[in-house]
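Please open the model in your viewer and keep the selection tool at hand. The stops below are meant to be taken in order, with a pause at each one.

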Amino acid sequence: EIEAALEEHRLVQSCAVTCICSVLLFALGSSLAYSGTGDWLGDRGAFFLKVNDLFRGRGFFQAEQGGLERLRATQAVAVPQPLLAGSTTSESYLLMEFLEKKAPAPDFWEAFASDLGRLHACTATHFGLEEDNYIGTLAQRNSWRERWGEFYVELRLRPLVRSLVDEGVFAVPVSRDAERLFSRMESIFPPEAPALLHGDLW
């Protein structure tokens with residue numbers, strides 16, 4: 001079904017798809033890497049396909065596609081081009097440009113640090129994002145906030161602590177300790193301008 005969907009979007013033409021590996025992706029399901037040659041966006045070459053169970057992965061790859069496109073638009077760091085995110089009757093998938101792994105250049109880390117600095121220089125008027133996305137397999141909200149401490153507590157730390165308490169992983173006293181830390185967050189973090197971040201680049 002996935003190959004038919006790719007052909008329908010003229011991303012792959014009669015391509016013999018061969019599974020070359022299968023790895024666990026964030027405990028969400030299987031992420032399969034496929035190799036093959038086909039005509040996608042006018043170029044012939046390899047591509048990378050990630051696949052997950054539809055129920056558990058609904059919206060997951062669309063969010064990843066949006067993040068990759070946002071990073072590519074900055075032209076600050078090298079990011080694989082996302083080609084198509086979609087679903088069949090049983091699976092969701094994300095087709096991307098395949099980037100071949102190579103030996104790092106002698107100045108790799110210096111160049112990467114410089115690129116990361118350019119990425120962080122991409123700013124906004126508030127902390128947040130136009131759409132929600134995921135941290136691992138957990139949905140996370142990104143509604144706008146004026147201050148970093150407020151954003152970090154309300155939309156990152158407190159939801160995770162509450163979830164852990166509800167699941168019995170954290171005891172209530174730990175939650176109280178966390179709340180005391182949250183009350184000091186504004187004094188711990190100095191004022192900073194918003195910066196574009198991506199967890200996979202940390």
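The tour goes from a sheet to the helix across it, then to aromatic rings and to salt bridges. Bear in mind throughout that this is a predicted model.

**The sheet**

Begin by selecting residues 47-53, 82-87 and 91-97, which are strands E5, E6 and E7 respectively. Together these strands form an open sheet of three strands in the order E5-E7-E6, and the pairing is antiparallel. E5 and E6 are the edge strands, each of them pairing on one side only, while the twist from one strand to the next averages 10°.

Now colour E7 on its own and ask how many of its seven residues are buried. Five of them are, so the strand is largely enclosed by the rest of the structure.

Turn next to the side of E7 that faces E5, where the two strands are joined in the antiparallel sense by seven bridges. To find your place along this pairing, select Lys50, whose bridge partner in E7 is Leu94.

With E6, E7 also runs antiparallel, and here five bridges join the strands. Two pairs of residues serve as markers: Ser87 has Ser92 of E7 as its bridge partner, and Gly86 stands opposite Tyr93 in E7. If you follow the chain from E6 into E7, you pass through a hairpin whose connection is three residues.

**The helix across the sheet**

Keep the three strands displayed and add residues 60-74, which are helix H3. This helix lies across E5, E6 and E7, and its direction is at about 165° to that of E6.

**Aromatic rings**

Show the side chains of Phe, Tyr and Trp for the next stop. A pair of aromatic rings is described by the distance of the centres and the angle of the planes. The structure has ten aromatic pairs in the count used here. One of them is formed by Phe60 and Phe61, an edge-to-face pair with 5.5 Å centre to centre and 75° between the planes. Phe60 counts as buried at 7% relative accessibility, and Phe61 is likewise buried, with a relative accessible area of 1%.

Move on to Trp109 and Phe112, which form an edge-to-face pair with 6.1 Å centre to centre and 90° between the planes. Both belong to helix H4 (residues 108-120), and because these residues are three apart in that helix, about one helical turn separates them. Is Trp109 buried or exposed? Trp109 is exposed, with a relative accessible area of 63%, whereas Phe112 counts as partly exposed at 22%.

To finish with the rings, select Phe127, Trp148, Phe151, Tyr152 and Phe189 together, since these residues are worth viewing as a group. Ring pairs link Phe127, Trp148, Phe151, Tyr152 and Phe189 into a cluster.

**Salt bridges**

Switch the display to the charged side chains, among which a search of the whole structure finds ten salt bridges. Select first Arg70 and Glu130, whose side chains meet in a salt bridge at 3.0 Å, N to O. This pair links distant parts of the chain, with Arg70 in helix H3 and Glu130 60 residues away in the loop between H4 and strand E8 (133-135). Arg70 counts as partly exposed at 27% relative accessibility, while Glu130 is exposed, with a relative accessible area of 56%.

Return to helix H4 and select Arg118 and Asp115, which form a salt bridge of 2.2 Å, N to O. The two residues lie three apart in H4, about one turn of the helix. Arg118 counts as partly exposed at 42% relative accessibility, and Asp115 also counts as partly exposed, at 22%.

Then select residues 148-166, helix H5, in which Arg158 and Glu154 lie four residues apart, about one turn of the helix. Their side chains meet in a salt bridge of 2.4 Å, N to O. What is the relative accessible area of Arg158? The value is 12%, so Arg158 is buried, the cut-off for buried being under 20%. Its partner Glu154 counts as partly exposed at 33% relative accessibility.

For the last stop, select Arg145, Arg147, Glu150 and Glu186, which are joined into one network by salt bridges that share partners.

How values were computed:
Residues are numbered from 1 along each chain as its sequence is written. This is a predicted model: local features need pLDDT of at least 70, side-chain atom pairs count only at pLDDT 80 or more; totals for chains, interfaces and linings use all residues. Side-chain values use heavy atoms; hydrogens and water are left out. Buried means under 20% relative accessible area, exposed over 50%, partly exposed in between (1.4 Å probe, protein chains only). Two strands pair if DSSP finds at least two bridges between them. Axes are lines fitted to C-alpha atoms, for helices over the stretch in contact, and angles run from 0 to 180 degrees between N-to-C directions. Contact means heavy atoms within 4.5 Å. Rings of Phe, Tyr and Trp (its six-membered ring) pair if their centres lie within 6.5 Å; planes under 30 degrees apart count as stacked, over 60 as edge-to-face and the rest as tilted. A salt bridge is a side-chain nitrogen of Lys or Arg within 4 Å of a carboxyl oxygen of Asp or Glu.
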